[in-house]
Structures are given as structure tokens and as C-alpha cells.
Amino acid sequence: MFQRILLAADGSEHSLRAAEKAIALVKGKKDAIIEIIYVVDGATSKADVLHNRGSIEIANKRKERLKGIVEKIEIARIKYEIKTLHGDPGPTVVDYANEHEFDCVLLGSRGLNRLQSMVLGSVSHKVAKRVKSPVMIIK
């Protein structure tokens with residue numbers, strides 16, 4: 001059923017659990033692929049520029065954030081791709097997911113309380129409401 005999965009990841013424990021679920025969904029399927037997207041917002045981009053020496057160092061640090069996820073996928077011998085996108089995480093994930101065909105979009109939940117979710121809006125809430133394909137939010 002699931003052959004092509006979009007995994008929105010930031011290297012957090014939540015996204016690591018989402019990666020584990022993505023692996024479980026496609027394990028044993030010959031042509032399955034997990035596409036990992038890492039969205040860099042403006043504040044993160046500025047911090048990366050201020051705290052690193054150049055674009056190669058920035059790229060390496062971003063890869064390092066996803067290292068645990070990539071290791072799990074490689075151990076499971078599943079094909080994957082990593083894309084780094086720039087923008088506000090919620091709308092960027094939504095746009096990317098809706099512009100491509102995925103069987104499912106997976107992402108971790110931050111566990112925001114009701115007030116924070118209403119005031120700030122969470123990435124997982126925005127994605128669940130606006131992505132056309134099925135969305136799985138992993139706690």
C-alpha cells in the first residue's frame with residue numbers, strides 16, 4: 001500500500017520516531033522510497049551562517065542533525081532521498097507534499113498544549129489540515 005513516503009524531519013526525537021514508523025510501513029517492499037525533507041526557517045538559517053565558517057560546514061551540520069534517521073533507514077536497506085528546503089516549516093511541507101505524489105506524509109508531533117496550538121499553530125496541525133494525501137502524526 002505504501003511505496004512512496006514523505007518524512008518531514010528535523011532531527012528531533014519526534015522525527016526519529018516518525019522515521020521508525022516510515023520504515024515499518026515500507027519494510028520489505030522492493031521499490032519503496034522514503035523522501036526526507038528538512039525545512040530550514042529564516043531564524044535557523046541566520047544562526048547557521050553566524051555560527052559556521054561556510055556553506056560546506058553548514059551543510060555538514062544539517063546532515064548531522066538527520067544522521068540518526070538516515071542510519072535507521074540504511075540499516076533497514078530502504079531507498080531514500082534527502083531534500084533541504086527553505087521557508088516556514090508548515091507551509092513549506094504542505095506545498096512540497098501537494099506538488100508531488102506521496103502515499104503518506106509522516107511527521108512527529110511536538111505535543112504542544114491546546115493554548116500554544118491555538119495561538120502559534122503547530123507544523124503538524126497545519127500539515128494535517130492542508131496536505132491532500134494521508135498524513136500520519138507520530139507522538
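Start by selecting Ser15, Leu16, Ala19, Glu20 and Ile23 in α1, then add Gly68, Ile69, Lys72 and Ile73 in α4: these two groups of residues meet each other. Sorted by class, that α1–α4 contact holds five nonpolar, two polar and two charged residues. Bear in mind while you click around that this is a predicted model.

**Look along the two helices**

Keep α1 and α4 on screen and draw their axes. Two packed helices are described by the angle between their axes and the distance between the axes. Here the angle is about 15°, and the axes lie 9 Å apart. With the cut-off for roughly parallel set at under 35 degrees, α1 therefore counts as roughly parallel to α4. As for handedness, α1 and α4 cross in the right-handed sense.

**Turn α4 end-on**

Now select α4 alone, residues 67-75. Which of its residues are buried? Colour Ile69, Val70 and Ile73, and you have them. Sight down the axis of α4 and these buried residues sit within an arc of 95°, so they line one face of the helix. There's a handy rule behind the picture: an α-helix has 3.6 residues a turn, so residues three or four places apart point the same way.

What do the buried residues of α4 pack against? Show β1 (4-8), α1 (13-26), β2 (33-40) and β3 (79-86), and you have the partners. You've already met α1, whose side of the contact includes Leu16 and Ile23.

**Step off the end of α4**

Move along to Arg77, just after α4. Arg77 belongs to the loop that connects α4 with β3. Check its backbone torsions: phi comes out near 55°, a positive value in a residue other than glycine. Is Arg77 buried or exposed? Switch on a surface and you'll find Arg77 exposed, at a relative accessible area of 77%.

**Zoom out for a moment**

Show the whole protein chain as a cartoon and count: there are seven helices and five strands. Trace the chain from the N terminus and the elements come in the order β-α-β-α-α-α-β-α-β-α-α-β. Of its 139 residues, 38% are buried. If you like contact maps, look away from the diagonal: among contacts between residues at least 6 apart in sequence, 78% join residues at least 24 apart.

**On to α5**

Next, select α5, residues 89-99, and pick out Gly90 inside it. Gly90 is buried, with just 2% relative accessible area. Which residues does Gly90 touch, once those up to four places away in sequence are set aside? Select Val123, Lys126 and Val127. For one of these, try a distance label: the C-alpha atoms of Gly90 and Lys126 are 5.8 Å apart, though 36 residues separate the two in sequence.

That takes you to α7, residues 123-130. The axes of α5 and α7 come within 8 Å and cross at roughly 30°. That crossing angle makes α5 roughly parallel to α7, and the crossing is right-handed. To see the contact, select Pro89, Gly90, Pro91, Val93, Val94 and Asn98 on α5 and Val123, Lys126, Val127 and Arg130 on α7. Colour by class and you get six nonpolar, two polar and two charged residues.

**Thr92 and its neighbours**

Stay in α5 and select Thr92. Thr92 is buried too, with a relative accessible area of 14%. Its contacts, not counting residues up to four places away in sequence, are Val39, Leu85, His86 and Gly87. Two strands you displayed earlier come back here, since β2 spans 33-40 and β3 spans 79-86.

**Last stop: Asp41**

Finally, go to Asp41, in the loop between β2 and α2 (42-51). How accessible is Asp41? Asp41 is partly exposed, at 25% relative accessibility. Leave out neighbours within four places in sequence, and Asp41 is in contact with Gly87 and Pro89. Gly87 is also among the residues that Thr92 touches, and Pro89 is one of the α5 residues in the contact with α7. Draw one more C-alpha to C-alpha line, from Asp41 to Pro89: it spans 6.5 Å, for residues 48 apart in sequence.

Definitions and conventions:
Residues numbered from 1 in each chain as written. Predicted model: local features only at pLDDT ≥ 70, side-chain atom pairs only at ≥ 80, totals over all residues. Heavy atoms only, no water. Buried < 20%, exposed > 50% of the residue type's maximum accessible area, 1.4 Å probe, protein only. Helix = DSSP H or I, 4+ residues; strand = E, 2+ residues; numbered from the N terminus. Arc of directions from axis to C-beta. Contact = heavy atoms within 4.5 Å. Axes fitted to C-alpha atoms, helices over the stretch in contact; angles between N-to-C directions. Parallel < 35°, antiparallel > 145°, perpendicular 65-115°, else oblique. Left-handed = near helix turned anticlockwise from the far one by under 90°. Nonpolar A, V, L, I, M, F, W, Y, C, P; charged D, E, K, R; others polar.
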